[in-house]
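Trainee: I should like to learn how strands, aromatic pairs and salt bridges are read from a set of coordinates. May we work through one example together?

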Amino acid sequence: GLDVQQTDTVHHVLFMHEIFQDVLNNPEYMGIVDAFFSGSKFVLNSIGGQNNRGDTNYASNIHRDVRFYTQDRLMLNTILIIDDFTDDNGPTEFLLGSDEIRENPSEEAFSKEAVSIKCPAGSIVFFDSRIWHRAGKRNVIGDDRIIFTPIFARSFIKPGFDYSKALQAYGLEKVSKNIKQLCGYFSDIPGSHDEWYNLKER
């Protein structure tokens, strides 16, 4: 079975339902992502989901999604809010300004300074992946608190999943040019001489 740290999580859902592609094809949503990267090329790093019903998993730990300290904007997290974020159901907690903190903050320091975002279902939260954060602790156990989390990165950052391969298995004819770009399809590394000579066809 899966490790307990994976409880109530799902990963790499882009081609599990068309609604995820619809989000990534939304011009207003993608316009904000594009502005974060100042017009530079970027790709999808990962897209998963989490249901904070009270059991702990990896998202309950204080973490940031850039695995090393940097002064550069390399990655952008987004949170698609499926259920209302309330005081009771453990909204995501953020340590504001922590993009400048090199080391993992202590539990005491984080708990003292972190802020929670309360917002209605249908909201979207955008934040620099250098920000330390975690899933909040619930006051009331049981109800769903579902989110999905597309994360984007500059094109030279290795994605967390081979979305180009998944795209080709799903069907190139089913997706937009934008989805192909986000999956890194146009910049695949050739795996054979035939692929290398035919790469320009993309």
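Mentor: We shall take strands, then rings, then charges. This is a predicted model, in which local features need pLDDT of at least 70 and side-chain atom pairs count only at pLDDT 80 or more, while totals for chains, interfaces and linings use all residues. Residues are numbered from 1 along each chain as its sequence is written, and side-chain values use heavy atoms, with hydrogens and water left out.

Trainee: How many residues of strand β2 are buried?

Mentor: In general, side chains in a regular strand alternate between the two faces of the sheet. Strands here are DSSP runs of E with at least two residues, and helices are runs of H or I with at least four, numbered from the N terminus. Buried means under 20% relative accessible area, exposed over 50%, and partly exposed in between, with a 1.4 Å probe and protein chains only. In strand β2 (residues 42-51), 10 of the 10 residues are buried, so this strand is largely enclosed by the rest of the structure.

Trainee: Which strands pair with β2?

Mentor: Two strands pair if DSSP finds at least two bridges between them. Strand β1 (residues 9-10) pairs with β2 in the antiparallel sense over 2 bridges, and T9 stands opposite Q50 in β2. β2 also pairs with strand β8 (residues 146-154), in the antiparallel sense over 9 bridges; there, L44 has F152 as its bridge partner.

Trainee: What is the geometry of the ring pair Y29 and F126?

Mentor: An aromatic pair is described by the distance of the ring centres and the angle of the planes. Rings of Phe, Tyr and Trp (its six-membered ring) pair if their centres lie within 6.5 Å; planes under 30 degrees apart count as stacked, over 60 as edge-to-face and the rest as tilted. The structure holds 11 aromatic pairs. In one of them, the ring centres of Y29 and F126 are 5.5 Å apart with the planes at 45°, so the pair is tilted. This pair links distant parts of the chain, with Y29 in helix α2 (residues 27-36) and F126 in strand β6 (residues 124-128), 97 residues apart. Y29 is buried at 4% relative accessible area, whereas F126 is partly exposed at 26%.

The rings of F36 and F37 have centres 5.0 Å apart and planes at 90°, so they form an edge-to-face pair. F36 is buried at 9% relative accessibility, and F37 is buried at 0%. One aromatic cluster is formed by Y29, F36, F37, F42, F126 and F152.

Trainee: Which residues does R134 join in a salt bridge network?

Mentor: Side chains of opposite charge can pair when their charged atoms come close. A salt bridge is a side-chain nitrogen of Lys or Arg within 4 Å of a carboxyl oxygen of Asp or Glu. The structure holds 5 salt bridges. R134 and E93 meet in one of them, at 2.9 Å from N to O. R134 lies in strand β7 (residues 133-134) and E93 in strand β4, 41 residues apart. R134 also forms a salt bridge with E107, with the closest N and O atoms 2.9 Å apart. E107 belongs to helix α3 (residues 107-113), so this pair ties together parts that are 27 residues apart in sequence. Shared partners thus join E93, E107 and R134 into one network. R134 is buried at 6% relative accessible area, while E107 is partly exposed at 40%.
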